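Take a moment to turn the model around on your screen before reading on. We will then walk through it together, one piece at a time.

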Amino acid sequence: MALRNDQGIVLRSYPFGEADRVVVLLSPSHGKIRAVAKGVRKTTSRFGGRLEPFTQVDLVLYEGRGLGIITQVSVIEAFPHLRGDLERLLAAGTMAEVIDAVTEEGEGSARAFLLLHRGLHALEAGPRHPDLMTAFLLKVADVVGVAPALDECAGCGTREGVTRFSFAAGGALCPRCRTPAAVALRAGLTAYLARLAAADLSDLPPPDPSFSGEAMGVTRRFLEYHLDRRLESLASADV
Amino acid sequence: MFEPPIQRLIDELARLPGIGRKSAQRLAFHLLTVEEEDARRLSRAILEMREQVRLCRRCFNVTDSDECSICRDLRRDATLVCVVERPQDIVVVERSREFRGRYHVLGGAVSPIEGIGPERLRFRELVERVRTEGITEVIIATNPSVEGDATALYLAKVLKPEGVKVTRLASGLPVGGDLDYADELTLGRALVGRQEM
């Protein structure tokens with residue numbers, strides 16, 4: 001039973017009781033936090049828009065038994081521009097969904113927090129780079145420890161002739177290590193993915209339209225395979 | 001465990017939203033003490049609502065006939081349509097007494113986080129109405145939340161090519177509120193949507 005200060009990015013929230021919401025936030029030091037914001041659905045709520053998804057906030061939490069209660073909120077960053085553009089809003093939704101899927105309550109997740117923060121920054125800064133989502137998903141795979149091998153064989157580490165790709169085996173494969181399920185990728189695609197995986201989200205290399213769609217498809221399927229779940233928001237993002 | 005007839009009612013009541021075991025028990029025992037006719041009236045009201053209420057074929061509001069009373073009302077402006085997420089929202093807009101047009105109920109909101117896309121909502125029906133009913137302005141009255149924003153942006157995208165004026169309810173400071181307590185996002189929107197005096 002104590003008050004504690006924390007900060008976090010709001011991932012999502014859902015209605016709770018008559019006028020409350022349970023807010024799911026990602027804190028760098030405490031991982032995912034679920035806490036009740038009382039009366040937040042009323043137009044007279046003192047929280048106002050501070051607990052909307054994708055807002056980075058400083059909070060004071062009252063922790064009792066069960067769910068904590070949010071008693072104070074102040075905004076660190078509101079990312080207002082990404083809410084005015086459908087493409088960027090959907091991308092932010094996907095980022096929040098993926099980060100929600102890979103983080104746990106009570107487990108510090110500074111890397112996931114920083115990644116989401118950088119992703120939202122990149123979206124807020126201007127029109128969406130066609131490869132931003134692919135680069136983000138590759139970085140998520142790295143944060144959760146399943147980064148695909150891209151410029152070397154996932155089996156033996158050789159850099160020669162890595163032309164096959166296997167979701168189960170963890171990335172690119174050479175002819176000696178190839179498994180029956182490994183698929184052949186277009187020449188240059190793994191190198192393209194490797195460049196995206198290594199780049200800064202706010203400073204991605206110029207996009208190549210002939211690779212962008214395929215790169216996204218492979219990355220999405222790779223992550224869905226390893227997380228063992230479908231990424232719902234990506235389905236609705238195809239506008 | 002109570003006698004089966006009482007327990008059955010408690011179990012049914014406890015399935016309602018916001019009603020726990022204890023409240024269900026209190027309601028059941030209350031119903032045991034009221035006049036038999038009162039209990040019958042309650043059960044009749046529940047049954048009649050289920051049997052008679054359906055969706056308006058034009059706007060998808062709840063109604064007990066083919067079209068809802070708002071769509072049937074000839075005094076209302078048929079060129080103005082207010083788009084809301086749920087039938088309950090119509091009552092809220094009606095209470096303002098500022099709107100004299102018709103409505104369109106989407107049946108929810110697009111959710112970029114939960115993957116609810118526009119195909120699950122009544123977007124197509126709205127576009128069809130715009131094409132056939134001589135509508136000149138669509139007022140979007142979705143919630144000022146991420147889901148409401150996404151829905152409004154989608155609507156604007158599909159309706160603009162139809163040549164119809166698309167507007168959205170203003171966001172800003174609540175009447176009677178204190179500027180001190182306004183959050184950055186709301187105040188930012190209030191500034192963007194400021195009006196000349």
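**A walk through the model**

Let's begin with a hairpin: in chain A, strands β1(A) and β2(A) form one with three residues between them, and Gly17(A) in the turn has a positive phi of about 65°. Keep in mind as you look that this is a predicted model. The two strands of the hairpin run antiparallel and are joined by seven bridges. To find one of the places where they face each other, look for Tyr14(A), which stands opposite Val22(A) in β2(A).

Strand β1(A) has another partner to look at, β4(A), and these two pair in the antiparallel sense over eight bridges. Here Leu3(A) stands opposite Tyr62(A) in β4(A). As you follow a strand with your eye, it helps to remember that in a regular strand the side chains alternate between the two faces of the sheet.

Now move along chain A to another sheet. Three strands form an open sheet in the order β7-β6-β8 (chain A), and the pairing is antiparallel. Why is one side of β7 and of β8 left without a neighbour in the sheet? Strands β7 (171-173) and β8 (183-184) of chain A stand at the edges, and each has a single partner strand, so there is no neighbour in the sheet on one side of each. Strand β6 (residues 164-166) of chain A pairs with β7(A) in the antiparallel sense over three bridges. In this pairing, Arg164(A) stands opposite Leu173(A) in β7(A).

Next come two helices of chain A. Helix α2 (residues 110-125) has 16 residues and reaches 22 Å from its first C-alpha to its last, close to the 22 Å expected at 1.5 Å a residue. Many names appear among its buried residues, including Phe113(A), Leu116(A), Leu120(A) and Leu123(A). What do the buried residues of α2(A) pack against? Their partners in chain A are the strands β1 (2-16), β2 (20-27), β4 (56-63) and β5 (68-77), together with the helices α1 (86-102) and α3 (132-143). The hairpin strands we started with are therefore among the elements that α2(A) packs against.Helix α5 (residues 209-227) of chain A has 19 residues, which should span 27 Å at 1.5 Å a residue, and its end C-alpha atoms are 27 Å apart, in agreement. The buried residues of α5(A) include Phe211(A), Met216(A), Phe222(A) and Leu223(A), and also Arg220(A) and Glu224(A). Just after this helix, Asp228(A) takes a positive phi of about 60°. Phe222(A) turns up again in an aromatic cluster that it forms with Phe165(A) and Phe167(A).

Let's step back and look at chain A as a whole. The chain is divided into domain 1 (2-80) and domain 2 (129-236). Taken over C-alpha atoms, the centres of these domains are separated by 35 Å.

What about the interior? In soluble globular proteins, nonpolar side chains tend to be buried together. In this model the largest nonpolar core has 74 residues, and those with the most contacts inside it are Phe54(A), Ile99(A), Leu120(A), Phe136(A) and Leu159(B). Helix α1(A) gives the most to this core, with 10 residues. Both domain 1 and domain 2 of chain A give residues to the core, so it lies between them. Leu159(B), from chain B, is in contact with Leu126(B), Val127(B), Val130(B), Val138(B), Val164(B) and Val166(B), leaving aside its neighbours within four places in sequence. There is also a second, separate core of 17 residues, which includes Leu25(A), Ala35(A), Val57(A) and Leu185(B).

Our last stop is the aromatic rings. A pair of aromatic rings is described by the distance of the centres and the angle of the planes. Over all chains, the count comes to seven aromatic pairs. One of them joins Phe2(B) and Phe29(B) edge-to-face, at 5.2 Å centre to centre and with 65° between the planes. This pair links distant parts of the chain, 27 residues apart: Phe2(B) is in the segment before α1 (4-14) of chain B, and Phe29(B) is in helix α2 (residues 21-33) of chain B. Are these two rings buried or partly exposed? Phe2(B) is partly exposed at 32% relative accessibility, and Phe29(B) is partly exposed with a relative accessible area of 32%.

Phe99(B) and Tyr103(B) form another edge-to-face pair, with 5.2 Å centre to centre and 65° between the planes. Both Phe99(B) and Tyr103(B) are buried. Tyr103(B) also leads us to Arg129(B), a residue in helix α6 (residues 123-132) of chain B. Arg129(B) is buried, with a relative accessible area of 4%. Not counting residues up to four places away in sequence, Arg129(B) touches Tyr103(B), and its other contacts include Arg58(B), Cys59(B), Arg102(B) and His104(B).

Note on methods: Residues numbered from 1 in each chain as written. Chains lettered and ligands numbered in written order. Predicted model: local features only at pLDDT ≥ 70, side-chain atom pairs only at ≥ 80, totals over all residues. Heavy atoms only, no water. Pairing = 2+ DSSP bridges. Helix = DSSP H or I, 4+ residues; strand = E, 2+ residues; numbered from the N terminus. Expected span 1.5 Å × (residues − 1). Buried < 20%, exposed > 50% of the residue type's maximum accessible area, 1.4 Å probe, protein only. Contact = heavy atoms within 4.5 Å. Core = buried A, V, L, I, M, F, W, Y, C linked by side-chain atoms within 4.5 Å. Domains from an automatic or database assignment. Phe/Tyr/Trp six-rings, centres within 6.5 Å; stacked < 30°, edge-to-face > 60°.
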